[in-house]
Amino acid sequence: MTRDQLLTAPDTAVPTLRGAVAGLPPYVPGRRGAGTDVAALASNESHYEPLPAAAAAVAAAAGTMNRYPDSAAVELRERLANHLGVTAGEVAVGPGSVGVLQQIITGLCDAGDEVIFAWRSFDAYPILVELAGARPVRIPLDEAEGHDLDAMAAAVTDRTKVILLCTPNNPTGVPISHERVLAFLESVRSDILVVIDEAYVEYAEPGSGPASLALYRRYPNVCILRTFSKAYGLAGLRVGYAVAAPVIAEGLRRTALPFSVSALAQKAAIASLDAGEEMEARVSAVKRERARMAAQLAAQGWKLQPSQGNFLWIRADDELRARLVDAFDVAGILVRAYQGDGVRITVADPASNDRVLRILQAHAA
């Protein structure tokens, strides 16, 4: 081939993805459906419309969307610090708690380091860990659908950098008691960051899970992870936050993508904190529906673990799981199915919940 031919020949090669990315399974979000008769219960969103104060704050801030947001989220961090009784230097924010978790993994893990978490738990955990080049260590849930903390402690090695405790656990809804977390922290090296992921903490009954802020004040290697996506109803705006020792929180802010939390999201989150009583009233309504559904399902013969999230979990083998999903699909109800494990159903309004109960009644043992 001549020089001119080489210069004009099309280059069909493309850049090569990192091996960790090429083999990475995609995160599978809850399914969406169109139509007024479709009950979208596959994602654990709030079924309520945004809090009026949050919607008003977004509308008022919309005229400034041509400007970059405050990358340091100073006002939001100060308001969160006041709300939680910590300092702004102990708070880091990001695009949802999953965004903050990515900052945590990026900030603490080098290639080959290990992150321990229960399984099944939040689907994004192994994805974020593998993306960082670290190794996910999955510890099976115990017979009560909760964290096997003894097995998690036994899995610690000299490469362990982070341990994730999801309470209440997604998708099973089972919390970890304060006493169990306390004993676990006593057994774990202080150079391992223990992240208490409390995305659903507002839906938990008082005393069912750990007093995380008290644990954080006692153990500097504790990091609390929370979100505005669930009880506060801001899933579409993406705001999450962490509370951690100042040196850790500063590192999380450094690893954050600049301007990742929009100005509208920051304003909505601040307004949501001010509307706490209204948010709590909505949470109470979800708790009542959760209890009503759980009682009826128990009467139908379903064996459920008490959920402390805004969802219910049905353990099912693949044959039962497929039958349930098909029945829900025919009825216009979208639920979240997990191959080999079961089905998660978000608690919504009473009418939608009644539709769920009728389907499950028809398939009860």
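How many bridges join strand 11 (residues 336-338) to strand 12? We will come to that pairing in the third view of this predicted model.

**View 1. An open sheet of 7 strands.** Welcome to the sheet, whose strands follow the order 2-8-7-6-5-3-4 with mixed pairing. Strand 2 (91-94) and strand 4 (135-140) stand at the edges; each has a single partner strand, so one side of each lacks a neighbour in the sheet. On average, neighbouring strands here are turned by 25 degrees against each other, direction ignored.

**View 2. Strands 5 and 6, with a helix packed on the sheet.** Strand 5 (residues 160-166) pairs with strand 6 (residues 193-197) in the parallel sense, over 5 bridges. Look for Cys-166 and its bridge partner in strand 6, Asp-197. Helix 5 (residues 96-108) packs on the sheet and touches several strands, including strand 2, strand 5 and strand 6. The direction of helix 5 makes about 150 degrees with that of strand 7 (222-227).

**View 3. The hairpin of strand 11 and strand 12.** Here is the answer to the opening question: 3 bridges join the two strands, which run antiparallel. Tyr-338 has Gly-342 as its bridge partner in strand 12. Between the strands lie 3 residues, and Gly-340 takes a positive phi near 80 degrees.

**View 4. Strand 12, covered on both faces.** 5 of the 5 residues of strand 12 (residues 342-346) are buried, so the strand is largely enclosed by the rest of the structure. Side chains in a regular strand alternate between the two faces of the sheet. On one side sit Gly-342, Arg-344 and Thr-346, and on the other Val-343 and Ile-345. Strand 12 also pairs with strand 9 (residues 311-315) in the antiparallel sense, over 5 bridges, and Trp-313 stands opposite Arg-344.

Definitions and conventions: Residues are numbered from 1 along each chain as its sequence is written. This is a predicted model: local features need pLDDT of at least 70, side-chain atom pairs count only at pLDDT 80 or more; totals for chains, interfaces and linings use all residues. Side-chain values use heavy atoms; hydrogens and water are left out. Two strands pair if DSSP finds at least two bridges between them. Helices (H or I, at least four residues) and strands (E, at least two) are DSSP runs, numbered from the N terminus. Axes are lines fitted to C-alpha atoms, for helices over the stretch in contact, and angles run from 0 to 180 degrees between N-to-C directions. Contact means heavy atoms within 4.5 Å. Buried means under 20% relative accessible area, exposed over 50%, partly exposed in between (1.4 Å probe, protein chains only).
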